[in-house]
Amino acid sequence: MSEPFYITTAISYPNGRPHIGHAYEAICADAIARFYRLSGRDVRLITGTDEHGLKMVQTAREAGRDTIDLANEMSSYFIEMCDILNIRHDGFRRTSESAHHEASKALWKGMEANGDLYLDRYEGWYSVRDEAFYAEDELETGEGGEKLSPQGTPVEWTAEETWFFKLSEYQEKLLKLYEEHPEFIQPESRRNEVMRFVEGGLRDLSVSRTSFDWGVPVPGSPGHVMYVWVDALTTYMTGVGYPDKEGLFAKYWPADLHLIGKDIVRFHAVYWPAFLMSASLPLPKQVFGHGFLLNRGEKMSKSVGNVVDPMELAQRFGVDQLRYFLLADVVFGKDGTYSADAIVTKTNADLANNFGNLAQRSLSMIAKNCDGKVPAAGDPTEAEKQLLADLDQCFEDVKTAMTGGLFKIDQAIDIIRERLSATNTYFADQAPWALRKTDPARADTVLYYTAEAIRRLAIMLRWAMPESCDKMLDLLAQTPESRDFEHLSAAIEPGLTLPAPQGVFPRLELLIDEAEA
């Protein structure tokens, strides 16, 4: 039995259409999940939408619609995003589903049984946009003296009867968790931020609302619905069948990785483990807070007019080209920037000019000079021995980058890119087109090893660009069953009939307005 690996994205808030940040997180999660599937792990990837909370109620009210109708429409866009971007998830969970309501109630009852919930009155600052409570000393002052959250969002004074969770009693337990398991929060900068926050003292957390009824009802407390983060976080367990602790839950929980944006690390690294400790449930192994994506270095804003639909980017440049750019160009864990010209420049250089050109030239020579069949190889020279040794080392380096809890996605792709460049250099140095005139057998040997290198590199990159790499492997007549990492050492078969070569990575062009921007 292969070892399970459970990964989740954040549960996206669908009061608007998906933006590039949602797309980036989904692509990263999918890439990690695919890498582990190719490694032979039993992977489960869960994503979904967090449809409850005051923000959804207000958005629906402003549009004159029922909240569930808005939730149905907006969630459909996130489902569509996953389909378009080739996100191979194992379940799309919505917090409005009845099964999720039962999971949230079970978690609540677990915390209640531990004596960690009590009824009181809450008076304090609340950010509707963040769906978060903030203490006075956390607020910032905006223009005109407006009070703002640490995220720069407006806050409003809230007063209502509410259930509280005894978060203050979990301060030392959480600090012990962070000390004994430094891998629990990554990257390290996020861990340091969370530790400083918890060391500063924790206040009990309001975990129910009475000012609206759109949410999971609190068991045995009419008029109360759960604070949106209680039921949103529970989605990670809904995705593995909780409250049934057998079956999927027993197999996949605790989660190996919660992949989230850096702005919601507090909820995942403070509130979530405290809730689980209270309910006597196992804690996830890691919370990773990735950075933001900036449009030409600027934060995206509707007022500035620089918000870009990721679906339009995928249609304009290609799904795998967009995936490759975001995975390769953004340092995982830090903020990144993107623009049309950056996407075109990066993908043309790495994919069209490097990978695509190598495949097109070598496979066209095989089609023309070898009757479209993989040629037989003669004895390898030092050049071929070095080529294969470097490919072996390349994969070892990629595994190191992608495992151990750091998930250095951009480094892993850069390692493969360097090996693609080196293979191009090998092909150019050996010059099989010239050898064809003087030593045809040697030319065949060079073409064979070039095809073998392309095969291995395509398998190594499948997790990042699944569709394009599969097209490349189709050109090498590789069966669908022979494309996992375990097949890297199984050399391509001489005499194999190849289909007619076709371009996999077309060159991209900038539109005039994009080039001048």
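**Notebook: helix 1, the sheet, the cores and Gln286**

I began with helix 1: 18 of its 19 residues are buried, so the helix is largely enclosed by the rest of the structure. I note here that the model is a predicted one.

**Entry 1, helix 1.** I looked up the extent of helix 1, which covers residues 20-38. From its first C-alpha to its last the helix reaches 26 Å, close to the 27 Å expected at 1.5 Å a residue. I then recorded what follows helix 1: this is Gly40, with a positive phi near 95°. Next I asked which strands helix 1 lies across. They are strand 1 (4-8), strand 2, strand 13 (257-261) and strand 14. Relative to strand 2, helix 1 runs at about 165°.

**Entry 2, the sheet.** I traced the strand order and found an open sheet of six strands, 3-2-1-13-14-9, with parallel pairing. Its edge strands are strand 3 (92-94) and strand 9 (185-186), each of which pairs on one side only. At the strand 3 edge, I examined the pairing with strand 2 (residues 42-49), which is parallel and runs over three bridges. Thr49 has Arg94 of strand 3 as its bridge partner.

**Entry 3, the nonpolar cores.** I looked up the largest nonpolar core and recorded 97 residues. The residues with the most contacts inside this core are Ile7, Ile32, Leu85, Phe332, Ile409, Trp463 and Met472. Which element gives the largest share of this core? I found that helix 1 does, with 13 residues. Apart from this core lies another, of 79 residues, including Tyr13, Leu54, Met74 and Ala232. I also listed the contacts of Met472 beyond four places in sequence: Phe355, Ala359, Ile454, Ala458, Val504 and Phe505.

**Entry 4, Gln286.** I located Gln286 in the loop between helix 9 (265-278) and strand 14 (287-290). Is Gln286 buried or exposed? Its relative accessibility is 4%, and the cut-off for buried is under 20%, so I entered Gln286 as buried. I then looked for partners of its polar side chain. The Gln286 side chain reaches the backbone oxygen of Glu183 at 3.0 Å. A polar atom of the same side chain lies 3.0 Å from the backbone oxygen of Gly405. Beyond four places in sequence, I recorded that Gln286 touches Glu183, Phe184, Gln186, Ala255, Asp256, Leu257, His258, Gly405 and Phe407.

Technical notes. Residues are numbered from 1 along each chain as its sequence is written. This is a predicted model: local features need pLDDT of at least 70, side-chain atom pairs count only at pLDDT 80 or more; totals for chains, interfaces and linings use all residues. Side-chain values use heavy atoms; hydrogens and water are left out. Buried means under 20% relative accessible area, exposed over 50%, partly exposed in between (1.4 Å probe, protein chains only). A polar contact is a pair of N or O atoms within 3.5 Å; within protein, one must be able to donate a hydrogen and the other to accept it, and residues adjacent in sequence count only if both atoms are side-chain atoms. Contact means heavy atoms within 4.5 Å. Two strands pair if DSSP finds at least two bridges between them. Axes are lines fitted to C-alpha atoms, for helices over the stretch in contact, and angles run from 0 to 180 degrees between N-to-C directions. The expected span of a helix is 1.5 Å times one less than its number of residues. A nonpolar core is a set of buried Ala, Val, Leu, Ile, Met, Phe, Trp, Tyr and Cys residues joined through side-chain atoms within 4.5 Å.
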